[in-house]
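Open the model in your viewer and keep the selection panel at hand. The stops below say what to pick next and what to look for there.

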Amino acid sequence: MKIETIAIHAGNHTDEQSKAVVQPIILSTTFERGADGGYPGGYMYGRAGNPNRKALEQVLAQLEGGVEAASFSSGNAAGMAIFQSLQPGTHIILPDDMYHGLRNQVKQLFTGILEFDFIDVNDKALLQQRIKSNTGLIWVETPSNPLLKITDVRKVSAIAKQHNIKLVCDNTFATPICQQPLELGADVVMHSATKYFGGHSDLMGGALITKEKTEWWEKIRQVQESGGAIPSPMDCYYLVRSIKTLPYRVRGHIQNAQLLAEHLEKHPKVEKVIYPGLASHPQYEVAKSQMKSFGGMLSFTIKGSEDDVRKVANSIQLFTQATSLGGVESLIEHRASVEGPDTKTPRNLLRVSVGLEHIDDLIADIDRALSFI
């Protein structure tokens, strides 16, 4: 099936009793046992499984071309399940530009448990140099947050396989509509489902999708069940509902982002636009080779001070000044002030989640805000 059909049908099950076309929400935390002590309905306890969660995981796996998915209460919980599945003392390699929430999670919660290096994973020589005998995982994020660096997943995968190292790709910015890392050589794909999967800034979730069922994947599943950081049936239901429109929503985000990036690149008060769909992007050719489309996220730097950047963010009207991304509404944020003292994000950078408003209104709004500096 094509991805539009998968999005609509893979997570939906007609109710056997009522014949309702839309699967009902099953809120029960426990399920009746049979006379033999078994579980004839296939479910025992809400933490271990739920019909709505099963439906969500089915559609997530098929969207990414994987064999199985595990859903979580947030993207950070999904990422943590990966790190918790590793043996203590394992060395992991992570990108120097990655979502600050996961970067801080590794540094604050896994120091003394795991070894880790943050490097430019696109530097093939440096990557080979940093691999140790205990390196067990390489983490990539492409496009990255917030500098939209593109990692050549095929090249990193080849190095990982050479050393028998697991490769995880955070595909949140791209979504499976724009990129499918499992096809490029990743072992597991990670998503913050809060973003484009949810798409309306009103629920949280996370997901992992695996290429193969392995002993490591079973360990991740064990972390999911025993750790209990699972999404509620209600959140699973709404995620399945939102995913039905994902392909069409993401296309709107992509179209608006491309047009806004092209406009900003010509603006006299803009220093630089970072968007993988622009030929000026340093990894434009890599992006073209592994992405089907370039996504709805962009960043740009302003010719001016941090005060000027804040003035633009404070003057804008249609772009809400807020964190997160992937919702139907456009968001703008001064990332350096969010990421903490060790941020590598330029102080004159604004990150934009381009929404589904009319592009002419978005351009007019951002032009008006830029006119104040």
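Select K195. The UniProt annotation "modified residue: N6-(pyridoxal phosphate)lysine", from an unreviewed entry, covers K195. Keep in mind that the model on screen is predicted. K195 sits in the loop between β6 (188-192) and β7 (206-210). Is K195 buried or exposed? K195 counts as buried because its relative accessible area is 14%, and the cut-off for buried is under 20%. Now show what surrounds K195. Leaving aside neighbours within four places in sequence, K195 is in contact with T172, S324, L325 and G326.

Next, colour by domain. The chain is divided into domain 1 (3-242) and domain 2 (247-371). Their C-alpha centres lie 26 Å apart. The contact between the two takes 38 residues from domain 1 and 40 residues from domain 2. By this division, K195 falls in domain 1, while its contacts S324, L325 and G326 fall in domain 2.

**The strands of domain 1**

Select strand β4 (residues 135-141). Seven of its seven residues are buried. β4 pairs with β2 in the parallel sense, over three bridges. Pick I92: its bridge partner in β4 is L137. On to strand β5 (residues 166-170), which pairs with β4, again parallel, over five bridges. Here L137 stands opposite K166. Add helix α6 (residues 153-162): β4, α6 and β5 make a right-handed β-α-β unit.

Go back to I92 and look towards β3. I92 stands opposite F116 there. Strand β2 (residues 91-95) and strand β3 (residues 115-119) run parallel, joined by five bridges. Helix α4 (residues 100-109) completes a right-handed β-α-β unit with β2 and β3.

**The nonpolar cores**

Show L63, I138, L260, L264, L298 and F300. Of the 83 residues in the largest nonpolar core, these touch the most other members. Which helix gives the most to this core? Helix α11 (residues 246-265) does, with seven residues. The core draws at least three residues from each of domain 1 and domain 2. Apart from this core lies another, of 25 residues, including F72, A81, F83 and V168.

Centre on L63. Beyond its neighbours within four places in sequence, L63 is in contact with I3, I6, A7, P176, Q180, F197, I243 and L246.

**Over to domain 2**

Select β12 (349-353). Five of its five residues are buried. Which residues lie on each face of β12? L349, R351 and S353 are on one side, L350 and V352 on the other. In a regular strand the side chains alternate between the two faces of the sheet.

Now bring in the strands that pair with β12. β9 pairs with β12 in the antiparallel sense over five bridges. F300, already on screen from the core, has L350 as its bridge partner in β12. Strand β11 (residues 331-333) also runs antiparallel to β12, joined by three bridges. Find E333: its bridge partner in β12 is R351.

Last stop: helix α13 (residues 306-315). Its buried residues include V309, V312, A313 and S315. What do the buried residues of α13 pack against? They pack against β9 (297-302), β10 (320-321), β12 and α15 (359-370).

Note on methods
Residues are numbered from 1 along each chain as its sequence is written. This is a predicted model: local features need pLDDT of at least 70, side-chain atom pairs count only at pLDDT 80 or more; totals for chains, interfaces and linings use all residues. Side-chain values use heavy atoms; hydrogens and water are left out. Two strands pair if DSSP finds at least two bridges between them. Helices (H or I, at least four residues) and strands (E, at least two) are DSSP runs, numbered from the N terminus. A crossover is right-handed if, with the strands pointing away from the viewer, the path from the first strand over the helix to the second runs clockwise. A nonpolar core is a set of buried Ala, Val, Leu, Ile, Met, Phe, Trp, Tyr and Cys residues joined through side-chain atoms within 4.5 Å. Buried means under 20% relative accessible area, exposed over 50%, partly exposed in between (1.4 Å probe, protein chains only). Domain bounds come from an automatic or database domain assignment. Contact means heavy atoms within 4.5 Å. UniProt positions are given in the numbering used here, feature names are shortened, and annotations may be inferred rather than shown by experiment.
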